[in-house]
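The following explanation leads the reader through a molecular structure, one region at a time. Please keep the sequence and the three-dimensional view at hand while reading.

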Amino acid sequence: MSADSTPRRPLSFLTATLRIFDIAVGQLLWSRRTVFMALAAGGPVVLALVLRALDASGVSALRVNGARVGGPVMFGGMIWLLYLRFVVPVLGAFYGTALVSDEVDDRTITYLFTRPIARGSIVVGKYLAYLACTVLVVLPSVMAAYVLLTPIGGGSIAETFPLLLADLGLLALGLAVYGAVFALIGASVPRPLVVSLILVFGWEQLALVVPGYLRQFTVAYYLQSLVPHAMPHDETMTAIQSLFSEPPSAPSSIFSLCLILVVALGFAAHALQTREYVLEQ
Amino acid sequence: MTEAAIVSTEHLSKWYGQVIGLNDVTLSVAGGVTGLLGPNGAGKSTLLKLITGQLKPSKGAVRVLGEPVWGNPAIYLRMGVCPEQDAFYDRMTGLEWLAALLRLQGYGEREAVAAGVAALEQVDLQEAANKRIGAYSKGMRQRVKLAQSIAHSPDLLILDEPLSGMDPLARRKTIRLLRTWAASGKNVIVSSHVLHEIEALTSNILLMHNGRVLAEGNVHQIRDLIDEHPHTVCIRSRHPRELARELVAHDDLLSLRFEDGAVYVQTARPDVFYARLTGMAAADPTGDIYEVTSPDDNLQAVFDYLVKS
Amino acid sequence: MPIHRERYRRREDGLDVRGRAWVVIALQGLRALTRKRAFLYLMLVAWIPCVIRGVQIYVVANFPQASFLAVTGRTFRDFLDQQELFVFFITVYAGSGLIADDIRANALQLYLSRPITRTQYVAGKLATLMAALAFVTWVPATLLLILEPLFAGNSTFIRHNLYLIPAVAIFSLVEVAVGAFTMLALSSLSKSRWFVAVMYAGFAFFTQAIFGATRVATQSTAFSWIAAFSNLAQVGDVIFRLPPRYETPPIVSAMFLVALVVVSAAVLNRRIRAIEVVT
């Protein structure tokens, strides 16, 4: 039998969070979901490479009425269309909802629930692992796309560098907020992914085009107000959206996003602490 | 610890929507090894999940080692849980998994690895310590699950169907391990639906059926119940009429009937009856009796009997 | 013959499949779906646009001052366009577990050890999903087509737009078949319905996002073929005799849709086996 005479005490919330973080990082990086993270982060880089190659070869695809489309404009479009509308919410939804529901579906949550740690620390630790992984993968992808696209049409990296920093901060904040919201959904509802997709591609899209205060109940509203590039009008919805656009100030957006993050993560921890998970046999 | 109640419940009930998992159970489990016995769906796993704080009681209360268990993570310093489900972090090796879980028990990094290695040795998995759990066989998975529950040396070990999926050798070793564990003053609650598995571990059992505790006490008393309640035996013989004539001469026979060429007898004292039948079969040089079976020599028969009585 | 020379041999008299096993699988699937409250809510919400369109048809037919809401062929095209969102959610909800759950529960081997062929199994699963999707596309659109002459009191609109009857049916079939084949193929690739849903949504939105980015970079919609759902929209416009919305030739979009269905069928053919090959 294991001899162990040292009297032990339950881990503090912070220590437990960090230990859960250690376990979760490995799980996140070496799971099948890594394929998605690679695709989501690698896709824009591949696209940027193709555009750069097309530009270098002088193909007319990148010319509108004979004039070249500038690299910074392309990069701005990529930030809006690929990162802000796809990569950030989708990674948030896919990873955020899985933080708890994966363990419940795989029935491994029992091993964590029968340890002397606060249950809330499980969701917070896993959330931090999600944030570390996604930020470390997405931000380098943004930087690579920036470096590849900006010089097209004579754009200057030195001049636009502050914009890149703003983009990086904005996307990191987006990943943090969406992750927290979806962690809450994952800890609270039985089919979290469907709910999350409805939230991102249903509710957020709809609320943004409805005049009035409804848009204030979306994450996208605050995130979009922080984007340093002009919104591309690629679809009818975005055209309508820009018509009614009354963006809040940057400080108020950052404050609102931080508030959403803290509240969502707090409720997620509370849900895990108090909810009972009946595992399928 | 062995004298005081290690687990006590008061009017404990659990229902899942409209389905009752556990129905008004009041019990007190003393120290040592206790077997939780019952057929599938009896409520054993529900009771164990309530005792281990994985489920919240719908009604009533449960105390483990003198403390409430729901929302009390400190209790897991003294409790080890081996759940029923075959679920693991398949990409981790056995040792990585144990060390990670031990870190959550408050162990330092080195300490956790050392305790993990020791626990894997106890379940004979030291050679597979650095293999991925995904590559383990069913029996190895059962053993690594057991290892994680004993690795932090808890006072109370709760095991839900720990022997299922193990080969006979591993089963024997596990039984020996649990007996040694109990002999060192620790407590074990183990569930199974197989009577002889429980008998091999302990004589102290709780019999469950339909979400209720039917009986608690010594396994031998349960055995006696099996032996004492009217017991049906089916005997096939080449000359059933002559055999029946021999059998009715004794007063422990309650009834006798012929069915499909066999003699069905009901006896009040199966032990005496079997002894006599063995003698008759041995004494008969023609080998008239060629098959003896008992349609109700199983746990379900005892449950049916206890429910009726 | 020595026993080691014995081999498994194919039955020479073929498989005697009585009845239509795929119907049993499909009905069982639909029954399981309709028992889920979330699915029923989703269906209910998916019918709201149909109710609104019904009101529109009624108002136009009975109040001349509402002529600006006049019903045309485009109304039906727009209606089916709007239903795309519900088609997506229902495909994810109802389709992701159709095969993945069977693989997870080792039920695939059980199914295929019965007198059921692989084709019947896939047909049953396809029918489950396609029926659910048809209930939010073809059924409401056809209902609207029936309501129009009933509210108007004459059949002028239908007589002038007879093409709408096959157009609604063909487009619904294309939309439902592409979604169902793609989802089933993905569902056969994993044990986890969650992962399947992720793959499907990722495929749909990622290709759309890439198209969006190329659109901004090139200021052209010639790359719409990259996005699966854009191809569907492009083909839909042609079926409804409307000018295509993107610069991609409609035949190219149609070929991509056909390719998607063919690839999905090939994946299903490879994955739906009674034995599991462990690699």
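In strand β8 of chain B, B:Val190 is the bridge partner of B:Leu159. This pair belongs to a larger arrangement in a model that is predicted: strand β7 (residues 156-160) and strand β8 (residues 187-192) of chain B run parallel and are joined by five bridges. Helices lie against these strands. Helix α4(B) packs on the sheet, where it touches β6 and β7 of chain B, and its direction makes about 170° with that of β6(B). Helix α1 (residues 44-51) of chain B lies across β3 (33-37), β7, β8 and β9 (204-209) of chain B, and runs at about 150° to β7(B).

How many strands form the open sheet, and in what order? There are six, in the order β6-β7-β8-β3-β9-β10 of chain B, with mixed pairing. Two strands, β6 (79-82) and β10 (212-218) of chain B, are the edges, since each pairs on one side only. On average, and with direction ignored, neighbouring strands of this sheet are turned by 15° against each other.

At one end of that order, β9(B) and β10(B) pair in the antiparallel sense over six bridges. Within this pairing, B:His209 stands opposite B:Arg212 in β10(B). The two strands form a hairpin with two residues between them, and there B:Asn210 takes a positive phi near 50°.

A positive phi also appears at B:Glu161, a residue other than glycine, with a value near 50°. The residue B:Glu161 lies in the loop between β7 and α5 (168-183) of chain B. Is B:Glu161 buried or exposed? It counts as buried, because it has 22 C-beta neighbours inside 10 Å, and the cut-off for a buried residue is 20 or more. A useful contrast is found in chain C. There, C:Asn106 has a positive phi near 55° and is likewise a residue other than glycine. The loop that holds C:Asn106 runs between α5 (97-104) and α6 (107-112) of chain C. With 10 C-beta neighbours inside 10 Å, however, C:Asn106 counts as exposed, because the cut-off for that class is 12 or fewer.

Chain B has a further group of paired strands to examine. Strand β11 (residues 231-237) of chain B pairs in the antiparallel sense with strand β13 (residues 262-267) of chain B over six bridges. The bridge partner of B:His231 in β13(B) is B:Thr267. Strand β11(B) also pairs in the antiparallel sense with strand β14 (residues 289-293) of chain B, over four bridges. In β14(B), B:Glu291 is the bridge partner of B:Arg236. In a regular strand the side chains alternate between the two faces of the sheet. The residues of β11(B) can be read in this light: B:His231, B:Val233, B:Ile235 and B:Ser237 make up a covered face, whereas B:Thr232, B:Cys234 and B:Arg236 make up an uncovered one.

Chain B also meets chain A. In this meeting, 32 residues of chain B are in contact with 27 residues of chain A. On the side of chain B that touches chain A, α2 (94-104), α3 (109-122) and α4 (138-150) of chain B each supply at least two residues. Helix α2(B) gives the most, with four residues. By class, this side of chain B has 20 nonpolar, nine polar and three charged residues.

In chain A, helix α2 (residues 34-57) deserves attention. Its 24 residues should span 34 Å at 1.5 Å a residue, and its end C-alpha atoms are 33 Å apart, which agrees. Helix α2(A) nevertheless bends by about 35° at A:Gly42, and a proline, A:Pro44, follows within four residues. Among the buried residues of α2(A) are A:Phe36, A:Ala40, A:Leu47 and A:Leu51. The cover over the buried residues of α2(A) includes α3 (71-106) and α5 (119-149) of chain A, together with α11 (193-218) of chain C. Just after the helix, A:Gly58 takes a positive phi of about 75°.

Chain C itself has 13 helices and zero strands. Its C-alpha atoms fill a box of roughly 90 × 45 × 35 Å along the principal axes. Of its 279 residues, 43% count as buried. Among the contacts in chain C with a separation of 6 or more, 75% join residues 24 or more positions apart.

Note on methods:
Residues numbered from 1 in each chain as written. Chains lettered and ligands numbered in written order. Predicted model: local features only at pLDDT ≥ 70, side-chain atom pairs only at ≥ 80, totals over all residues. Contact = placed C-beta atoms within 7 Å. Nonpolar A, V, L, I, M, F, W, Y, C, P; charged D, E, K, R; others polar. Pairing = 2+ DSSP bridges. Axes fitted to C-alpha atoms, helices over the stretch in contact; angles between N-to-C directions. Expected span 1.5 Å × (residues − 1). Bend = angle between axes of the 7 residues up to and from the residue.
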